[in-house]
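Work through these exercises with the sequence and the 3D structure at hand. Each task is followed by a stepwise solution.

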Amino acid sequence: MRTSVRLCVAALALFSVVHAQQVLPQPAPGDAGFAKDRLDRIRVRMEKEIAENRLSGGIGLIARRGKIAYFETYGMADKEAGKPMTKDAIFRIYSMTKAITGVAVMMLYEEGRFSLTDPVSRYLPEFTTMKVAVEKTDPTGKRVLSHTVPAERQITILDLLRHTSGFNYEGPRDEKGELSYQRMELNGAGGANFPLSEFVKRLAQQPLVHQPGTTWDYSLSMDVLGRLVEVVSGQTLDQFYAERILKPLRMDDTAFYVPEQKWNRLVALYTLKPDGTIARAPEPMQEGARKKPVLLMGGAGLMSTAVDYARFVQMLVNGGELDGVRILSPRTVELMRTDVLGNIRRASDFLPPRGYGFGLTFAVNRGPAETASIVSKGEYFWGGAAGTSFWIDPQEKMTGVMMIQTMLDLGKGGTFKQLAYQAIVEDEKK
C-alpha cells in the first residue's frame, strides 16, 4: 500500500512538471519556421556570457504560430550553491508586472467603469489639485526646488498608461536638493511598511516633475493605476490579479512572493560590477522575494516563471484569448499595442529605445527605418530591472520570453530577441 502511494505521489509530481513545461505545443523548430542551427546560436552566446562571469544562468522561450519553437535553460539558478537552472525556476520580474497591471486596467475599461480620457482624480481624489515643481541651481551648483506652479490640466488614465502623467521614478528635489520620493519612501522598490492606498496619498502630496501630457518619463504611473484597479474593482491588487488574470490563464507560479514550498525554485539575484561581470546581490535583496509585501505595487513586485509569462504574452498575441479563456477583446489588445506617444517629448534618449514609440504599457516598434534592426514593425515589448524581458510580434505571430536575474543588465534581452529573429527562415503567410 505504501509503495502504491509513493508511486502515485511520484506520478503526480512528474505530471506537474510535464504540465508546467507544456504551456503550448512544442514542435520541431522547422515546423514554426525557424532553422535549428540558427536557434543554436542563442546557446553559444549565452554560454559565452556565463564563461566570462557576465551571467549566472537563464531561460529562453520562443513561440511562433501558437507553438513553442525554443525552450532552453542556461547555466545556474544559484551559482554559489552549484544549482543548475531548471525550466520551472521562479524569477523576480520587476517591471514586467506593468503589463499585467495594464491588462487589469483595460479589463475594467471594457466593463465601462471609466474612459481613458477620464481624470484619475475622479476615482482617486487625492490627485485633484496637483502642483508642478520648478527647479533652480543654488550658489553651490546644486539643483534645488525653486517654487511650484499649478498643473495646467488633470492627469488622465491615458497619461498614466503611457507614462505622460508628470511623475517619474526620482521625483522633484526639495529646497535642500534632496529627492522627495526617497524621503517619502516612494522610490518604487517596494518593501515599505504601508499599503498602496497610503503610497498614492504620499505621492499625490509631492509636486509633479512635468506638466501632465507634455513629456514621456518612465515613472510610478503604473503604481497609481494599481490603486485605481483596487478602488474600481473593490479588490486588493493581488486578489484581482489572481481571480481575473492569473488563475484563468493557469499562471500558477506568478504572485507577489514565493511561498515556502517553492523556495527551492527561486533563482539567486546578482548585480553588475563596473567591469560587466556579476556578483551575488546582498542577502536582504535575496530574501525579499520570500515574504508577502505590505505594499503591492502595480509597477513592480511580481515573481513568475518563463512558462507562466509565456502564457500571458500568448494570450496577447492571440488577441486577448488563450485556451478558450478570453481576457480582453481583440480591439482592446490592438489599442494597447498602438503607438499613442506621437511626438511627445521624451525625458531621456534611453527609454523608449531608438525607433520605438509607446502604447498602453508597451514600447512599440516603429519599423526598421527607425530601429535599424530586423525586428518587425509593430512588435511590442518591455522588461524588468533584473534583466527579464518579453516581446510580442503580431506580424510574425511570435512571442519571446527571456529570464535572467542580474540587476540592471538590460542588454541581454535585446541580444536574445535579435538572435531569435535571425533564426526565422520561413516568413509568416500574410
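Helices (H or I, at least four residues) and strands (E, at least two) are DSSP runs, numbered from the N terminus. The model is predicted: local features need pLDDT of at least 70, side-chain atom pairs count only at pLDDT 80 or more, and totals for chains, interfaces and linings use all residues. Residues are numbered from 1 along each chain as its sequence is written, and side-chain values use heavy atoms, without hydrogens and water.

**Exercise 1.** Describe the chain as a whole.

Step 1. Count the elements: the chain has 13 helices and 19 strands.
Step 2. Check the radius of gyration, taken over C-alpha atoms, against the globule rule (2.2 Å times the number of residues to the power 0.38). The chain gives 22 Å, close to the rule's 22 Å for 430 residues, so it is as compact as a globular protein of that length.
Step 3. Add the extent: the C-alpha trace spans about 70 × 50 × 50 Å along its principal axes.

**Exercise 2.** Analyse the pairing of strands E5 and E6.

Step 1. Strands pair if DSSP finds at least two bridges between them. E5 (residues 131-137) and E6 (residues 143-150) are antiparallel, with seven bridges.
Step 2. Find a facing pair: lysine 131 is opposite proline 150.
Step 3. Inspect the turn. Five residues separate the two strands of this hairpin, and glycine 141 there has a positive phi of about 90 degrees.

**Exercise 3.** Which helix gives the largest share of the lining of the second largest pocket?

Step 1. Go through the lining by element. Helix H8 (residues 237-246) supplies the largest share, five residues.
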